[in-house]
Amino acid sequence: MIEYLHTAIRATKAEDVAIEAVITNEDGVLLTGKFHLGLYDNDNKIGEYAGVQQDGGAYRFTIPMAVTSGLNGRYFYCICDNVHKNYCFKQPIYFI
């Protein structure tokens with residue numbers, strides 16, 4: 001299960017977690033390219049997960065079950081491009 005609460009996410013641990021995001025510039029224009037989702041335990045990076053662009057322009061980032069099995073509680077995510085430009089501040093993601 002995954003639930004979006006504004007920019008916070010609640011997800012079920014011990015499952016593959018697929019997060020979808022539409023990435024736009026300041027003018028609302030859809031961006032294309034290579035993006036990844038960084039997953040953090042406070043300031044420690046757990047991993048990076050490449051985005052796959054879906055029909056309609058949204059990107060899907062999948063955090064594998066092998067990673068989520070060991071997570072419990074609050075962590076943070078951030079979406080970046082291939083040169084590590086952030087497209088959002090770190091946002092909370094809760095694994096339950």
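Visitor: Which strands each supply at least two residues of the lining of the largest pocket?
Guide: In this predicted model, the lining of the largest pocket comprises 15 residues, and those closest to the pocket centre are A21, V22, Y77, I79 and C88. The strands that each give at least two residues to that lining are β3 (17–21) and β7 (73–81).

Visitor: Which element gives the largest share of the lining of the largest pocket?
Guide: The pocket concerned has a volume of about 220 Å³, and both β3 and β7 supply at least two residues of its lining. The largest share amounts to three residues, and the element that provides them is β3.

Visitor: How many residues of the lining of the largest pocket are nonpolar?
Guide: The lining has 15 residues, and these can be sorted by the character of their side chains into nonpolar, polar and charged groups. One residue is charged and four are polar, while the number of nonpolar residues is 10.

Visitor: Which residue meets E20 in a salt bridge?
Guide: A search of the whole structure finds three salt bridges, and in one of them E20, which lies in strand β3, is linked to a residue 40 positions away in strand β6 (residues 59–63). The N to O distance for this pair is 2.3 Å, and the partner of E20 is R60.

Visitor: Why does R60 count as partly exposed?
Guide: A residue is called buried under 20% relative accessible area and exposed over 50%, with partly exposed in between. Its salt-bridge partner E20 is partly exposed at 35%. R60 likewise counts as partly exposed because its relative accessibility is 33%.

Visitor: How many residues apart are D43 and K90?
Guide: The side chains of D43 and K90 meet in a salt bridge with an N to O distance of 3.5 Å. D43 sits in the loop between β4 (35–41) and β5 (44–53), whereas K90 sits in the loop between β7 and β8 (91–95), and this pair, which links distant parts of the chain, is separated by 47 residues.

Visitor: Is D43 buried or exposed?
Guide: The cut-off for exposed is a relative accessible area over 50%. K90, the salt-bridge partner of D43, has a value of 36% and is partly exposed. For D43 the relative accessible area is 68%, so this residue is exposed.

Visitor: What is the N to O distance in the salt bridge of K45 and E48?
Guide: K45 is partly exposed, with a relative accessible area of 41%, and E48 also counts as partly exposed, at 38%. Their side chains meet in a salt bridge, for which the N to O distance is 2.6 Å.

Technical notes. Residues numbered from 1 in each chain as written. Predicted model: local features only at pLDDT ≥ 70, side-chain atom pairs only at ≥ 80, totals over all residues. Heavy atoms only, no water. 1 Å grid on protein atoms, 1.4 Å probe; cavity = no way out; pocket = protein on both sides within 12 Å on 5 of 7 lines; lining within 4 Å. Points joined across faces, edges and corners; volume = space filled by probe spheres on them. Helix = DSSP H or I, 4+ residues; strand = E, 2+ residues; numbered from the N terminus. Nonpolar A, V, L, I, M, F, W, Y, C, P; charged D, E, K, R; others polar. Salt bridge = Lys/Arg side-chain N within 4 Å of Asp/Glu carboxyl O. Buried < 20%, exposed > 50% of the residue type's maximum accessible area, 1.4 Å probe, protein only.
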